[in-house]
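Colleague: I should be grateful for a close look at one part of this model, namely its pockets, and at the elements that surround them.

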Amino acid sequence: MSESFRSDPVDGLLSILDLERLETDLFRGISPRIGWPRVFGGQVVAQALVAASRTVEAARPPHSLHAYFLLGGDPAIPIVYEVERIRDGGSFTTRRVKAIQKGRAIFAMSVSFHVAEEGVDHADTLPDVPRPEALADARTIAREGGSIVPEPMLAYFTQAWPIELRPVETERYRDRTPRPARYHVWMRATKPLPEDPAVHRAVLAYASDMTLLDSTLIPHGRTVFDADIQSASLDHALWFHRPFRADSWLLYAQDSPSASGALGFARGTFHDEEGRLVASVAQEGLIRHRRG
């Protein structure tokens, strides 16, 4: 698993999203063994979404999920996903998912599914930012950032990710000037994905946790990679608005309207290259100065 994730990150991601069914509503997922001390939060969100979706007919896709990270996951052991069938209604289906390691819940999520219906339609437009073709990828930015780039940031962005990142506001990596809490990143899977829309939703769920919490530190000239900053995602909400492909460019527009009491709140929207708003995200996380 670890070697496939390093040699072909997209195939590695698809492999860890292909959960093993243990029982009717019980699934098991594994993590890539790439040296991280805890499981990446986006992985758990994506795997839990896959588990819930496998208990609902494909014609009824998910429209929202709300999750809480309870404990850091251990990447060395499998995660068991227990799905509870809360409701099967005429238009909506509700599932609750609990992720378990060592007999303890490390994560809990509710997912709502909705049958396709006609209705009113409006959306915010694509932010006015450079196109991805005009931007450098995050790996290049980190490598060329010089001594200002913390070693953890360099390791994070040069990791063999299944998602390519092209940040717009690259100046925040070159100096630590406080700036407005706005951050835009173009994202896409690094190679074509299967046609199944459920795969594209799971990959977007995975990617939605990659950069969001870091936006809470932009007004303070800091990053989550600084040695004296302790950060962790606490909860995560995601809404799917329209069909999309996660292997085509998506703009992740992020902002942070508030941070206080060691908690940072961040929001994000995903737009495709045609400007359609396809998903929205909100997250609160721990942003704490390390003691001692």
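Modeller: What follows describes the pockets first, then the cavities, the annotated spans and two backbone positions.

The model is predicted, and the description should be read accordingly. Its largest pocket has a volume of about 1100 Å³. Of the 39 residues lining this pocket, Arg38, Phe40, Tyr156, Ser231 and Ala232 are the closest to its centre. By class, the lining of the largest pocket comprises 24 nonpolar, 10 polar and 5 charged residues. Helix H3, strand S6 (104–114), helix H5 (151–157) and strand S9 (229–240) each contribute at least two residues to that lining. The largest share comes from S9, which provides 6 residues. Both domain 1 (1–116) and domain 2 (131–291) are represented, each with at least three residues in the lining of the largest pocket.

The second largest pocket has a volume of about 840 Å³. It is lined by 21 residues, and those closest to its centre are Glu117, Phe240, His241, Arg242 and Pro243. In this lining, 10 residues are nonpolar, 6 are polar and 5 are charged. Strand S3 (62–69) and helix H6 (197–207) each supply at least two residues to the second largest pocket, and H6 gives the most, with 3 residues. Here too, domain 1 (1–116) and domain 2 (131–291) each provide at least three lining residues.

Helix H3, one of the contributors to the lining of the largest pocket, merits separate attention. H3 spans residues 41–53, 13 residues in total, and reaches 18 Å from its first C-alpha to its last, close to the 18 Å expected at 1.5 Å a residue. Because 13 of the 13 residues of H3 are buried, the helix is largely enclosed by the rest of the structure.

Turning to enclosed spaces, the structure holds 3 cavities of 30 Å³ or more. The largest cavity has a volume of about 80 Å³. Its lining consists of 12 residues, with Pro32, Ile34, Trp36, Phe40 and Gln43 lying nearest the centre of the cavity. Phe40 is thus listed near the centre of the largest cavity and also among the residues closest to the centre of the largest pocket. The lining of the largest cavity divides into 9 nonpolar, 2 polar and 1 charged residues.

Two spans carry annotations in UniProt. The record lists residues 36–114 as "domain: Acyl-CoA thioesterase-like N-terminal HotDog", in an unreviewed entry. Over residues 36–114 the chain is 16% helix and 49% strand, with the end C-alpha atoms 36 Å apart. In the UniProt record, again as an unreviewed entry, "domain: Acyl-CoA thioesterase 2 C-terminal" covers residues 157–286. Residues 157–286 are 9% helix and 43% strand, and their end C-alpha atoms lie 21 Å apart.

Finally, two backbone positions deserve note. Most residues other than glycine have a negative phi. Lys102, although not a glycine, has a positive phi of about 55°. Lys102 lies in the loop between strand S5 (92–101) and S6, and it counts as exposed because its relative accessibility is 63%, over the 50% cut-off. Ala262, likewise not a glycine, has a positive phi of about 70°. Ala262 is located in the loop between strand S10 (250–260) and strand S11 (263–272). With a relative accessible area of 31%, Ala262 is partly exposed.

Technical notes:
Residues are numbered from 1 along each chain as its sequence is written. This is a predicted model: local features need pLDDT of at least 70, side-chain atom pairs count only at pLDDT 80 or more; totals for chains, interfaces and linings use all residues. Side-chain values use heavy atoms; hydrogens and water are left out. On a 1 Å grid over the protein atoms alone, a cavity is a set of points where a 1.4 Å probe fits but cannot get out, and a pocket is an open set with protein on both sides within 12 Å along at least five of seven lines; lining residues have an atom within 4 Å of a point. Grid points are joined across faces, edges and corners, and a volume is the space filled by probe spheres set on the points. Ala, Val, Leu, Ile, Met, Phe, Trp, Tyr, Cys and Pro count as nonpolar, Asp, Glu, Lys and Arg as charged, and the others, Gly among them, as polar. Helices (H or I, at least four residues) and strands (E, at least two) are DSSP runs, numbered from the N terminus. The expected span of a helix is 1.5 Å times one less than its number of residues. Buried means under 20% relative accessible area, exposed over 50%, partly exposed in between (1.4 Å probe, protein chains only). UniProt positions are given in the numbering used here, feature names are shortened, and annotations may be inferred rather than shown by experiment. Domain bounds come from an automatic or database domain assignment.
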